[in-house]
Amino acid sequence: MTSEASAPAPAPAAPGRIVLLTASHRVAPGLLSWPAWQTLRAADLVLCADAGHPQLPYLREAGVAVEHAAPTAQELVDACEGDRTVVVLPSGEGDQALTDGLARLAGSGRVQMPDLELLPGSYDLPGARLLDLVQVMDRIRLECPWSSQQTHKGLAKYGIEEAYELVEAIEDGDREELREELGDVLLQVVFHARIAQDDPEEPFSIDDVAGTIVEKLIHRHPHVFGDDTAETPEDVKAHWLRTKAIEKQRESATDGVPLGQPGLALAAKLSSRVRHADLDVPLPTGEGIGYELLAMAVRAEEAGVDPEAALRAAARTYRDAIRSAEHHTG
């Protein structure tokens with residue numbers, strides 16, 4: 001037996017590794033995880049089919065060479081031969097053709113596949129989808145013939161309708177409906193903020209709206225963000241009312257109470273303001289059901305009952321009774 005015949009067969013080349021590096025478009029480009037940066041720096045080849053990929057300027061600045069190419073699945077597998085690591089930056093659409101091609105090759109059993117790894121370079125933070133909503137609303141405002149003409153006054157009625165639908169979803173206990181109605185209410189906020197952004201004299205944006213409520217929440221929760229303490233819900237409410245009174249510097253306890261709200265809710269709100277201001281204001285008397293309802297609403301508020309919610313609950317029971325009677329008579 002000759003020496004050539006006894007020589008061992010050469011070992012097959014190591015198949016290498018393919019890394020699909022994803023990044024959230026809701027996170028600023030260049031803010032990648034440490035494992036992502038390590039992988040990029042150690043890679044033998046970094047590929048990107050999208051010449052306008054938002055990460056490219058930051059990779060160049062960091063000294064990571066990126067080749068603009070759109071390889072097929074087979075070409076990508078071939079590029080990994082010799083135990084090489086190839087990193088692919090998918091486009092915003094995800095490069096479906098490439099991933100489908102890799103799946104077909106892996107399923108064929110005829111190709112020695114490289115190790116396949118999906119490496120998230122960044123993750124969405126809580127609330128990140130709100131950025132999508134802002135972007136969608138901006139495009140609708142610019143391109144939709146109806147939305148582009150809307151005003152704060154024109155949308156006001158929808159805000160009231162959506163608020164009532166939200167309350168109904170809460171009272172029904174329908175979680176799916178609640179989620180949808182919360183979205184509709186949120187849309188009203190974003191829509192109005194986008195309209196406000198177009199005001200030529202006093203514009204403000206959704207960021208200004210969010211910034212205002214953040215400042216207010218921090219200021220009115222000194223037991224959370226400051227040195228004050230609050231051990232009970234009553235302590236928290238007292239903090240809130242004191243801080244609010246200092247902020248508003250109202251001339252009357254009735255300032256800021258919207259008269260356009262439902263009558264029972266209005267009566268209960270006025271009663272609450274009187275109690276917290278330690279005022280002794282006798283209820284007005286007169287003839288008619290209005291004064292009777294006023295007295296009942298005040299009594300309910302003093303007992304810790306929301307008269308508006310109580311009446312709605314009774315009305316819903318009444319509605320069910322009506323439907324039951326209709327069913328039996330039908």
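**Sheet pairing and helix packing**

Cys48 has Leu89 as its bridge partner in β4. Around that pair, helix α2 (residues 34–42) packs on the sheet, where it touches β1 (17–22), β2, β4 and β5. The direction of α2 makes about 135° with that of β1. All of this is read from a predicted model, so a quick word on confidence comes before the rest of the sheet.

The mean pLDDT of the protein is 90, and 95% of its residues reach 70 or more. Confidence bottoms out in helix α1 (residues 3–6), with a mean of 54. At the other end sits α8, where confidence is highest, at 97.

Back to the sheet. It is an open one, built from five strands in the order β3-β2-β4-β1-β5, with parallel pairing. The edges are taken by β3 (67–68) and β5 (115–120). Each of these two has a single partner strand, so one side of each is left without a neighbour in the sheet. Going through the pairings, strand β2 (residues 45–48) runs parallel to strand β4 (residues 85–89), and four bridges link them. Four bridges also join β1 to β4, again in parallel; here Arg17 finds its bridge partner in Thr85 of β4. On the β5 side, β1 is joined by six bridges, and these two strands run parallel as well. Within β5, Leu116 is the residue that stands opposite Ile18.

Just past this part of the sheet comes a loop. Asp95 lies in the loop between β4 and α5 (96–108). Setting aside neighbours within four places in sequence, Asp95 is in contact with Leu89 and Pro90. Leu89 is also the bridge partner of Cys48 mentioned at the start. As for Val46, it is 49 residues from Asp95 in sequence, and the C-alpha to C-alpha separation of the two is 15 Å.

Two helix pairs are worth a look. In one, helix α6 (residues 129–143) packs against helix α8 (residues 175–197) at an angle of about 55°, and their axes are 10 Å apart. The two helices are therefore oblique to each other, and their crossing is right-handed. From α6, the contact draws on Leu130, Leu133, Val134, Met137, Asp138, Arg141 and Leu142. Facing them in α8 are Leu186, Leu187, Val190, Phe191, Arg194 and Ile195. Sorted by type, the residues of this contact come out as ten nonpolar, no polar and three charged. Asp138, Arg141 and Arg194 are among the residues that meet here.

In the other pair, helix α12 (residues 263–276) and helix α13 (residues 289–302) have axes that come within 8 Å and cross at roughly 55°. That angle makes α12 oblique to α13, and α12 passes α13 in a right-handed crossing. On the α12 side, the contact is made by Leu264, Ala267, Ala268, Ser271, Ser272 and Arg275. The α13 side brings in Leu293, Leu294, Ala297, Val298, Glu301 and Glu302. By type, the contact of α12 with α13 has seven nonpolar residues, two polar and three charged.

Terms used:
Residues are numbered from 1 along each chain as its sequence is written. This is a predicted model: local features need pLDDT of at least 70, side-chain atom pairs count only at pLDDT 80 or more; totals for chains, interfaces and linings use all residues. Side-chain values use heavy atoms; hydrogens and water are left out. Axes are lines fitted to C-alpha atoms, for helices over the stretch in contact, and angles run from 0 to 180 degrees between N-to-C directions. Angles under 35 degrees count as roughly parallel, over 145 as roughly antiparallel, 65 to 115 as roughly perpendicular and the rest as oblique. A crossing is left-handed if the near helix is turned anticlockwise from the far one by less than a right angle, and right-handed if clockwise. Contact means heavy atoms within 4.5 Å. Ala, Val, Leu, Ile, Met, Phe, Trp, Tyr, Cys and Pro count as nonpolar, Asp, Glu, Lys and Arg as charged, and the others, Gly among them, as polar. pLDDT is the predictor's confidence in each residue, from 0 to 100. Two strands pair if DSSP finds at least two bridges between them.
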